[in-house]
Amino acid sequence: MPDRPSPRISSRKQPRQARSTELVAAILEAAVQVLAKEGAQRFTTARVAEKAGVSVGSVYQYFPNKAAILFRLQSDEWRQTTGLLRAILEDVERPPLDRLRALVHAFVRSECEEAQMRTALNDAAPLYRDAPEAKAARVSGTDIVSAFMREALPEASEETRVLAGDLITTTLKEVGKAFSESPRAEAEITVYADAMADMFTAYLKSLKRP
């Protein structure tokens, strides 16, 4: 049975003038509002166009379908997460375990602040997750984590470092997602993030032992 073709999710063209850039920004802002209000199942290009106050044709100039709009929102979120990883984990002025603790706190807080949008984007993932662009985007940040693990565990084998990096990032994503599904007070976020950071710290310290 032949594979189904992947949806086209690349933008049709990139805005080159200030007016075009403003139009794309308005479309994306409207998309965020529609997705937050309507959810992934009722998200349509027509609703986005209406919310942005533009024609559907104007939206199609830049995005071939709703999957392309949703993928752009997801890509922006991925870039934000990668930027967070880079800013914290590449700060060589701080010890590795301090950086890891700072990352846990920043990530958990971000998950809680953007829980509604992240949930909606996760629901929309089937629309674009099999496209080549999505597969390429998901690997962003891997090199940053790998470099950090080489610094944090210089004596460990590469296999051990890969396992540790995968375990920490997967746990952080899954536990952070589950924790953010309910409204959380700032003090609660701090206590939870500290506990998770303690767990990761103890794990990495155990891998350093002879």
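So, how are H9 and H10 oriented to each other, roughly parallel or roughly antiparallel? Keep that in mind while I walk you through the chain. One caveat up front: this is a predicted model.

Okay, the overall picture. We've got a chain of 210 residues, and 39% of them count as buried. There are ten helices and zero strands, so to speak an α-only list: reading from the N terminus, you get α-α-α-α-α-α-α-α-α-α. If you take the contacts between residues at least 6 apart in sequence, 71% of those join residues at least 24 apart. As for surface, the chain exposes about 12,200 Å², with 53% of that coming from carbon and sulfur atoms.

Now back to my helix pair. H9 covers residues 158-179 and H10 covers residues 186-208. Their axes sit 12 Å apart, and the packing angle is about 165°. The cut-off for roughly antiparallel is over 145 degrees, so there's the answer: H9 and H10 are roughly antiparallel to each other. The crossing of H9 past H10 is right-handed.

Who's actually touching whom? On the H9 side, the contact is made by Thr160, Leu163, Ala164, Leu167, Ile168, Thr171, Leu172, Val175 and Phe179. H10 brings Glu188, Ile189, Tyr192, Met196, Met199, Phe200, Tyr203, Leu204 and Leu207. Sort that contact by class and you get 15 nonpolar residues, two polar and one charged. The polar ones are Thr160 and Thr171 of H9, and the charged one is Glu188 of H10.

That's my bit, thanks.

Terms used
Residues numbered from 1 in each chain as written. Predicted model: local features only at pLDDT ≥ 70, side-chain atom pairs only at ≥ 80, totals over all residues. Heavy atoms only, no water. Helix = DSSP H or I, 4+ residues; strand = E, 2+ residues; numbered from the N terminus. Buried < 20%, exposed > 50% of the residue type's maximum accessible area, 1.4 Å probe, protein only. Contact = heavy atoms within 4.5 Å. Areas by Shrake-Rupley, 256 points an atom, 1.4 Å probe, with all protein chains shown as cover. Axes fitted to C-alpha atoms, helices over the stretch in contact; angles between N-to-C directions. Parallel < 35°, antiparallel > 145°, perpendicular 65-115°, else oblique. Left-handed = near helix turned anticlockwise from the far one by under 90°.
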